Amino acid sequence: MDVEREKDIEQLRKLARVQERTIAQLLKVIEGQSERLDALEGRQGELQRALDLANHLAKREQAEASAKTRSKDEKPRKKRESFGPTEQPQLPVVERVFELDEADRVCTSCGGALEPWKDEFEPSEMIDVVRAEYRLVKVQRQKYRCGCGGCVETALGPERTVAGGRYSLDFGIDVVVHKYRDHLPLARQVRVLLRSGVVLTSQTLWDQLAALANELEPTYDALLALALREPVIGLDQTSWPRLEKGAKDKKPWQMWCVTTPTISVHAIRSDKGEDTFRSLLAGYSGTVVCDDLSTHTAGARGSPIVLAGCWAHVLRRFRDAAANHPEAELVLGWIGELYAIDDEAEGDHERLAELRRTRSRAVSKRIFTYLGTLEVLQSTSIGEAARYAYGNRKMLERFLDDPRIPLDNNRTERALRGPVVGRRNHFGSKSERGTQVAAIFYSLLETANLVGVNPVEYLREAVLAARAGRVLLPGDLAGV
């Protein structure tokens, strides 16, 4: 039978059932031979792994055969999670009544006058837009004096981005959020503002950003210090282009990112070397989840810092290798078990610690035992994946003894997505001060988003706190 051309569903089902029985018979033969050889030679490892792989591939073949026998109409549809219009709990609700014109208030049957039917309406909902309005406010600060002539007072004025400047604090915060949260370059903001009648330059907008960054720098420093008090942090970095004149021959800056479950701090430095690692994490004593860069290892050497590996990096390498090396599927299945075991704890650290000491440790041992006996060329994709995993075994197994250590560093990689999107839109920074401003706002905005705080509201409160000599972190506003 030509399976690729056969269209008869029943014939394909019959073929699938025959294949399933054949596979089951072969697995029994392999299992019997495995037990026989184990008894004779005492070699339980290799054939058991072959059996595991055969089982895994058999299940995949059965799933693919079952999918081929299903017609398009028989494919299960994804169950809808909700029905009707999406709820909008954060939008203000405004009620508007629409009435007939006088000319239309005539009965089409008798010609009499139509009267309003009390409390009877045809209801519906509509999401509307109120365009942003910019206005030039003529500020008049009232002066007060005493009849004695010895005292004159002036009413406080509105909050501005720069004291005595022309732009309100709310205007400056909008510029910040549009650039570092919505990834809108300053030149593009100038064009958007021009459509609303506001005439200014990108330099003017930059001045607003720089002024607010100066005020919020102590807040940024406090956020980094708070992150470095956590026993476990994530660390990663990505390039940040240099846009200043003559930068073509220079290496790009590096945006470093330090994360905890409720904090995301970005810091742009000239490189990703070991000295930068040491200066950024100066005084830190704990576990850093990161990739296997030699600069990380060198930077942590001689310090109380312990490095933990990222299983997501291992998973990706074996996933890439699986296309040409089916045996990689076996490792992927075991890594999946590690994540499934963690999920069973449902956030309970004591339960997680017990699961990792027992079941996760057994799975990890199985993975590295298999990789240690895998006979492949190191130049192949699976050979490279095995070498990477085996070479980082000590870092990768740190999680077994500490439930606070996550299996991967995905949290930090997610925190870098915003800056990466911004990099594609406004391309980088023209000066070192530009990198500092970007790091400050990316840190505060990403952290506000992480703890569920409105970024506009947070920045306003943080600036007002800074002007009062206080530091207000996003977690303070969220009660975290």
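A salt bridge here is a side-chain nitrogen of Lys or Arg within 4 Å of a carboxyl oxygen of Asp or Glu. The model is predicted, so local features need pLDDT of at least 70 and side-chain atom pairs count only at pLDDT 80 or more, while totals for chains, interfaces and linings use all residues. Numbering runs from 1 along each chain as its sequence is written, and side-chain values use heavy atoms, with hydrogens and water left out.

**View 1. Two salt bridges link helices H9 and H10.**
Arg 366 pairs with Glu 337, with 3.8 Å between the closest N and O atoms. Arg 366 sits in helix H10 and Glu 337 in helix H9 (residues 328-344), so this contact ties together parts 29 residues apart in sequence. (Helices are DSSP runs of H or I, at least four residues, strands are runs of E, at least two, and both are numbered from the N terminus.) Glu 344 and Arg 359 also meet in a salt bridge, at 2.8 Å from N to O. Here Glu 344 belongs to H9 and Arg 359 to H10, so parts 15 residues apart are tied together. Glu 344 is partly exposed at 38% relative accessible area, and Arg 359 is too, at 36%. (Buried means under 20% relative accessible area, exposed over 50%, and partly exposed in between, with a 1.4 Å probe and protein chains only.)

**View 2. Arg 181 reaches a distant part of the chain.**
Its salt-bridge partner is Glu 446, the closest N and O atoms being 3.7 Å apart. Arg 181 is in the loop between helix H3 (169-180) and helix H4 (186-195), Glu 446 is in helix H15 (residues 432-450), and 265 residues separate the two. Arg 181 is partly exposed at 26% relative accessibility, whereas Glu 446 is buried at 11%. A search of the whole structure turns up 20 salt bridges.

**View 3. Strand E4 is largely enclosed.**
Eight of the eight residues of E4 (residues 253-260) are buried, so the rest of the structure largely encloses this strand. Trp 253, Met 255, Cys 257 and Thr 259 point one way, and Gln 254, Trp 256, Val 258 and Thr 260 the other. E4 pairs in the antiparallel sense with strand E3 (residues 232-240) over seven bridges, and Met 255 is the bridge partner of Thr 238. (Pairing takes at least two DSSP bridges between two strands.) Strand E5 (residues 263-269) also pairs antiparallel with E4 over seven bridges; there, Thr 259 is matched with Ser 264. E4 and E5 make a hairpin with two residues between them.
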